[in-house]
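The following exercises are to be worked through with the sequence and the coordinates at hand. Each task is followed by a stepwise solution.

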Amino acid sequence: MNLYRKKPVVIEAFQMTKARRMGNSEWPAWLNLAWNKGHNEVGALQRVSMDAPMPDDLEIVTLEGNHLVGWDDYIIQGVKGELYPCKPDIFEMTYEPVES
């Protein structure tokens, strides 16, 4: 068996809460760009159902399929600009804040 260590990479992330879903004033520019992509376009952040009551479920469209964004999940922008959701407990075990 081979062992590997994750390279230290700085990512941008945004924690999606119900309050932040309803008011996108805190959303970073890259997340607003994803929100404004076409429906089912790779890299889009979109509503799961246009008929759902607000606040509604969101998903990220990826090459591997659509990934549900749960409340309090982090949305991560990866090293190539790709977006993916991450559960809070996994996020906290994997990432730490970077001093600017």
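**Exercise 1. Characterise the largest pocket: state its volume, its central residues and the make-up of its lining.**

Solution. In this predicted model, the largest pocket has a volume of about 520 Å³. Its lining comprises 19 residues, of which Val9, Val10, Ile11, Thr94 and Tyr95 are the closest to the centre. Next, assign the lining to secondary structure: helix H3, residues 88-94, gives the most, with three residues. Finally, sort the lining by class, which yields 12 nonpolar, two polar and five charged residues.

**Exercise 2. Describe the second largest pocket in the same terms of volume and lining.**

Solution. The volume of the second largest pocket is about 160 Å³. Its lining consists of Val42, Gly43, Val61, Thr62, Leu63, Glu64, Gly81, Glu82 and Leu83. Classified by type, this lining has four nonpolar, three polar and two charged residues.

**Exercise 3. Which residues make up the largest nonpolar core, and which elements give two or more residues to this core?**

Solution. The largest nonpolar core has 12 residues in all: Phe14, Met16, Trp27, Trp30, Leu31, Ala34, Leu45, Leu58, Ile60, Val69, Ile75 and Leu83. Two or more residues come from helix H2 (29-35) and from strand S3 (58-62). H2 supplies the largest share, three residues. A second, separate core of five residues includes Ile76, Cys86, Phe91 and Tyr95. As a general background, nonpolar side chains in soluble globular proteins tend to be buried together.

Now take one core member, Ile75. Leaving aside residues up to four places away in sequence, Ile75 touches Glu12, Ala13, Phe14, Met16, Trp30, Leu31, Leu45, Ile60, Val69 and Tyr84.

**Exercise 4. Locate Gly81 and decide whether Gly81 is buried, partly exposed or exposed.**

Solution. Gly81 lies in the loop between strand S5 (74-77) and strand S6 (83-86). Its relative accessibility is 38%. Buried requires under 20% and exposed over 50%, so Gly81 counts as partly exposed. As a last step, relate Gly81 to Ala34: the two are 47 residues apart in sequence, and their C-alpha atoms are 10 Å apart in space.

**Exercise 5. In which sense do S3 and S4 pair, and over how many bridges?**

Solution. S3 and strand S4, residues 65-69, pair in the antiparallel sense over five bridges. Within this pairing, Glu59 stands opposite Leu68 in S4. The connection completes the description: S3 and S4 form a hairpin, with two residues between them.

Notes. Residues are numbered from 1 along each chain as its sequence is written. This is a predicted model: local features need pLDDT of at least 70, side-chain atom pairs count only at pLDDT 80 or more; totals for chains, interfaces and linings use all residues. Side-chain values use heavy atoms; hydrogens and water are left out. On a 1 Å grid over the protein atoms alone, a cavity is a set of points where a 1.4 Å probe fits but cannot get out, and a pocket is an open set with protein on both sides within 12 Å along at least five of seven lines; lining residues have an atom within 4 Å of a point. Grid points are joined across faces, edges and corners, and a volume is the space filled by probe spheres set on the points. Helices (H or I, at least four residues) and strands (E, at least two) are DSSP runs, numbered from the N terminus. Ala, Val, Leu, Ile, Met, Phe, Trp, Tyr, Cys and Pro count as nonpolar, Asp, Glu, Lys and Arg as charged, and the others, Gly among them, as polar. A nonpolar core is a set of buried Ala, Val, Leu, Ile, Met, Phe, Trp, Tyr and Cys residues joined through side-chain atoms within 4.5 Å. Buried means under 20% relative accessible area, exposed over 50%, partly exposed in between (1.4 Å probe, protein chains only). Contact means heavy atoms within 4.5 Å. Two strands pair if DSSP finds at least two bridges between them.
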